[in-house]
Amino acid sequence: MNKLRLKHLLSGLKAGRKEYFEEFYRLTKGAVWYSVLRYVKSRFYAEDIIQDTYIAFLNHLEAVNGDPLPFLCTIAKDKALDSIKKD
């Protein structure tokens, strides 16, 4: 994965360039999927968690500095763990 490209896309997203999200999602979805499936075995729940992860990420763009992937995967992991606690 090209970290420089992710940083560029993050800058665009921070500037309100919504068209950057599709490529950002395509580049990061595998890592996020893996982060969630480590904790949640159901595809159904995993898809919901991933959707919630990206929404939370977009709502906190200003808090992201540097490589956005660790920040995104941390959100995914936390949401997956929260879903386990609720069950």
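The accessible surface of the protein comes to about 5,700 Å², and carbon and sulfur atoms account for 53% of that area. The model is a predicted one. Of the 87 residues in the protein, 32% count as buried. The C-alpha trace spans about 40 × 20 × 20 Å along its principal axes. A compact globule with 87 residues would have a radius of gyration near 12 Å, and the 13 Å found for the protein agrees with this.

The secondary structure consists of four helices and zero strands. Read from the N terminus, the order of elements is α-α-α-α. Helix 1 covers residues 3-14, helix 2 covers residues 21-37, and helix 3 (43-59) and helix 4 (68-86) are separated by a loop that contains Asp 67. When contacts between residues at least 6 apart in sequence are considered, 55% of them join residues at least 24 apart.

The protein carries 15 positive and 11 negative charges, and the mean positions of the two sets lie 5 Å apart. The number of salt bridges comes to three. One of these joins the side chains of Lys 3 and Asp 67, with an N to O distance of 3.7 Å. This pair links distant parts of the chain, as Lys 3 belongs to helix 1 and Asp 67 to the loop between helix 3 and helix 4, 64 residues apart. Lys 3 has a relative accessible area of 52% and is therefore exposed, the cut-off for that class being over 50%.

Another salt bridge is formed by Glu 23 and Arg 5, whose closest N and O atoms are 2.7 Å apart. Here too the pair links distant parts of the chain: Glu 23 is in helix 2 and Arg 5 is in helix 1, with their positions 18 residues apart in the count. Glu 23 counts as partly exposed because its relative accessibility is 23%, and Arg 5 likewise counts as partly exposed, at 30% relative accessibility. Both assignments rest on the range from 20% to 50%, which lies between the buried and exposed classes.

The salt bridge between Glu 19 and Arg 17 has its closest N and O atoms 2.6 Å apart. Arg 17 has a relative accessibility of 39%, so this residue counts as partly exposed.

Two further positions were examined in helix 3 and helix 4. Ile 55 is located in helix 3. With a relative accessible area of 44%, Ile 55 is partly exposed. Ile 55 and Leu 72 are 17 residues apart in sequence, and their C-alpha atoms are 10 Å apart in space. Leu 72 falls within the residue range of helix 4 (68-86).

Ser 83 is placed in helix 4. In sequence, Ser 83 and Tyr 39 are 44 residues apart, whereas the C-alpha to C-alpha distance between them is 9.3 Å. When neighbours within four places in sequence are left aside, Ser 83 is in contact with Val 40 and Ile 49. Ile 49 falls within the range given for helix 3 (43-59).

Terms used
Residues are numbered from 1 along each chain as its sequence is written. This is a predicted model: local features need pLDDT of at least 70, side-chain atom pairs count only at pLDDT 80 or more; totals for chains, interfaces and linings use all residues. Side-chain values use heavy atoms; hydrogens and water are left out. Helices (H or I, at least four residues) and strands (E, at least two) are DSSP runs, numbered from the N terminus. The radius of gyration is taken over C-alpha atoms; the globule rule is 2.2 Å times the number of residues to the power 0.38. Buried means under 20% relative accessible area, exposed over 50%, partly exposed in between (1.4 Å probe, protein chains only). Contact means heavy atoms within 4.5 Å. Accessible areas come from the Shrake-Rupley method with a 1.4 Å probe; for residues, only the protein chains shown count as cover. Lys and Arg count as positive and Asp and Glu as negative; His and the chain ends are not counted. The place of a charge is taken as NZ of Lys, CZ of Arg, CG of Asp or CD of Glu. A salt bridge is a side-chain nitrogen of Lys or Arg within 4 Å of a carboxyl oxygen of Asp or Glu.
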